[in-house]
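Hi,

Here is the structure I said I would pass on. Have a look at it first, and my notes follow underneath.

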Amino acid sequence: MPLIRSYPLVSLIARTTYPSFRLPSIPTITTLRHRSRTRTRSVSTRAYNLNRPGNRVRNGMIGGAVVGAIGFSFVTHAPPTLFRYQVVPLLRWIYSGDDIPTEAGGKGPGAEKAHEVGLKALRVLYDLGFGLRERGTHEYLDNGELGVELFGHNLKTPLAISAGLDKHAECIDPLFNISPAISLLEIGCITPLPQEGNAKPRMFRLPTSNSIINRYGFNSVGADTAAVRLRDRVRRYALKHGLTEREVLDSTEIPASLWPNRLLAVQIGKNKATAETDMEAVKRDYITCVEKLGRYADILVVNVSSPNTPGLISLQKRESLQELLAAVVLAVQKADRRVKPRVVVKVSPDSDSVEDVKDISAAVKFTGVAGVIVANTTVKRPLNLLVSPQMSEEEKRVFHKEIGGLSGPVLLPKMLELVERYSKELGHNAVVFASGGITNGKDVQEARKRGAKIVMGYTGMVYDGVGFFGRIAGEMKRMVDDRK
Ligand SMILES: Cc1cc2nc3c(=O)[nH]c(=O)nc-3n(C[C@H](O)[C@H](O)[C@H](O)COP(=O)(O)O)c2cc1C
């Protein structure tokens, strides 16, 4: 059993995650029998007490143990399907609360906590030298058939992790390490000043449709802290390779990702307190982020499409967008690295009128922005999500009542339509990145057929686990081979 085999590792992870953790002794048959005779508390009482300090440790231990053990087995022998059908549902079961402490009347750790613990486990495993890594020979890399050229870099696949997974620049290397199928990682959104984001709960699962509703609202450690983390990576890399920090930043060979043939995109946004109507203040917010983070990025993504920051989407209007993008493009020219980052803008799937697409494309062409990410989450609630007979009452409530951006497979048709329209509108002036609802190789190939150069995923990985991108790359390769 992988869980047993990696027991010391599990304890180490749990202790790093929760310092007060002590390794419990593995129960013997006798102690188990004794416990079952003396157990008096009901399941509901135990669930109610889930977040008491003692139980929080146990809770963290279980979470750390599951993620750690499975992570360990992934490196050695477990197939990716283990994640999809066992680990992901198990984590969902463990973290089934609402992220409000029970002391405060909530139901304890939920989707957001699961996200946090998952990232922490990835990071700890990586730091210990047991980073999660796709096993096998990565045959999808053979003959370079999935390769694409982007901004002068030869990427091995067109696949990318989109923003929101690593919001605080804390898991870059562990995420790249998972699979060579991941060619690009977009971190953020990072705001100039730190901010809390919206009140919890703010992330909700809709498991019957593999979807998520989130209203994080740009919770961010802020540009200064993110810059410290990004600089630390550069310094470590320099030390390891006998270079100076300056030499790394000024290299024309080493991408900002610090991984050959892979790129790091840093997404930037404005603080909630900055009024969207005050264009000078808005520009200052984005320029501050460029000044602090630009030197660590291959690509800078301007987010004007999150539905969870009031008024942000209004910045997609032609005049505002043109003014903002021009300011960012100018600021990027002063970024303190030899190869300047390319500027890309991320748009909303809800701004889909003929005028919207024309206006945004015109602003992109006018300012010389290098690409458009099509698209972010939607505030719409397509009713076809309700068809599953397995949908629980709670899931229906979430669907109807919880405000925020919806993501997952339901976005796919709109994403494909918009990718096609933006590709036609932009021609060769800018690269189109697809983001929205991909779950398999066919979705990715369809997005590319419609004009996307890079195809990004997030919610698919939440439900599929860390084998997501490797599986998709394998499916793409088989499609290419079948056509021969
Ligand atoms: C929990 C969560 C947080 C997200 N945070 C961000 C964000 O900070 N910035 C952003 O541009 N998009 C964010 N997104 C949107 C994703 O990057 C992606 O564009 C969207 O979810 C559609 O792709 P998907 O269906 O593959 O998830 C977030 C999505 C989720 C589910």
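A good place to start is a single pair in the small set of strands: Phe204 has Ile213 of β6 as its bridge partner. One thing to keep in mind while you browse is that this is a predicted model.

That pair belongs to the β5 and β6 pairing, which is antiparallel and has four bridges. Zooming out, β5 and β6 are part of an open sheet of three strands, ordered β5-β6-β11 and paired in the antiparallel sense. β5 (203-206) and β11 (405-407) are the edge strands, each with pairing on one side only. From one strand to the next, the twist in this sheet averages 20°.

Then there's the barrel. Eight strands close up in the order β3-β4-β7-β8-β9-β10-β12-β13, and their pairing is parallel. Here the twist averages 25° from one strand to the next. If you want a spot to check by eye, try β12 (residues 431-435) and β13 (residues 454-457): they run parallel and are joined by three bridges. Ser435 has Met456 of β13 as its bridge partner.

Some helices lie against those strands. Helix α12 (residues 318-332) packs on the sheet and touches β8 (299-303) and β9 (342-347), with its direction at about 155° to that of β9. α15 lies across β10 (371-374) and β12, and it runs at about 175° to β12.

Now for the helix pairs. As you know, two packed helices are described by the angle between their axes and by the distance between the axes.

Take α13 (residues 354-367) and α15 (residues 412-426) to begin with: their axes come within 10 Å and cross at roughly 45°. That angle is neither under 35 degrees nor in the 65 to 115 range, so α13 and α15 are oblique to each other. The crossing of α13 past α15 is right-handed. On the α13 side the contact is made by Val357, Lys358, Ser361, Val364 and Lys365, and on the α15 side by Arg421, Tyr422, Glu425 and Leu426. By class, that contact has four nonpolar residues, one polar and four charged.

What about α16 (residues 441-449) and α18 (residues 468-482): at what angle do they pack? The angle is about 65°, and the axes are 8 Å apart. α16 and α18 are therefore roughly perpendicular to each other. α16 also passes α18 in a right-handed crossing. Gly441, Val444 and Gln445 of α16 meet Ile472, Glu475, Met476 and Met479 of α18. This contact divides into four nonpolar residues, two polar and one charged.

Last, the bit you'll probably want to open up: the ligand site. How many residues surround the ligand? There are 27, and the closest are Ser162, Gly164, Ser407, Tyr458 and Thr459. The elements giving two or more residues to this shell are β4 (184-190), β6 (211-214) and α17 (459-464). β4 is one of the barrel strands, while β6 sits between β5 and β11 in the order of the open sheet. As for the make-up of the shell, 17 of its residues are polar, eight are nonpolar and two are charged.

That's what I have so far. Shout if you'd like to go through any of it together.

Cheers

Notes
Residues numbered from 1 in each chain as written. Predicted model: local features only at pLDDT ≥ 70, side-chain atom pairs only at ≥ 80, totals over all residues. Near = placed C-beta within 6 Å. Nonpolar A, V, L, I, M, F, W, Y, C, P; charged D, E, K, R; others polar. Pairing = 2+ DSSP bridges. Axes fitted to C-alpha atoms, helices over the stretch in contact; angles between N-to-C directions. Parallel < 35°, antiparallel > 145°, perpendicular 65-115°, else oblique. Left-handed = near helix turned anticlockwise from the far one by under 90°. Contact = placed C-beta atoms within 7 Å.
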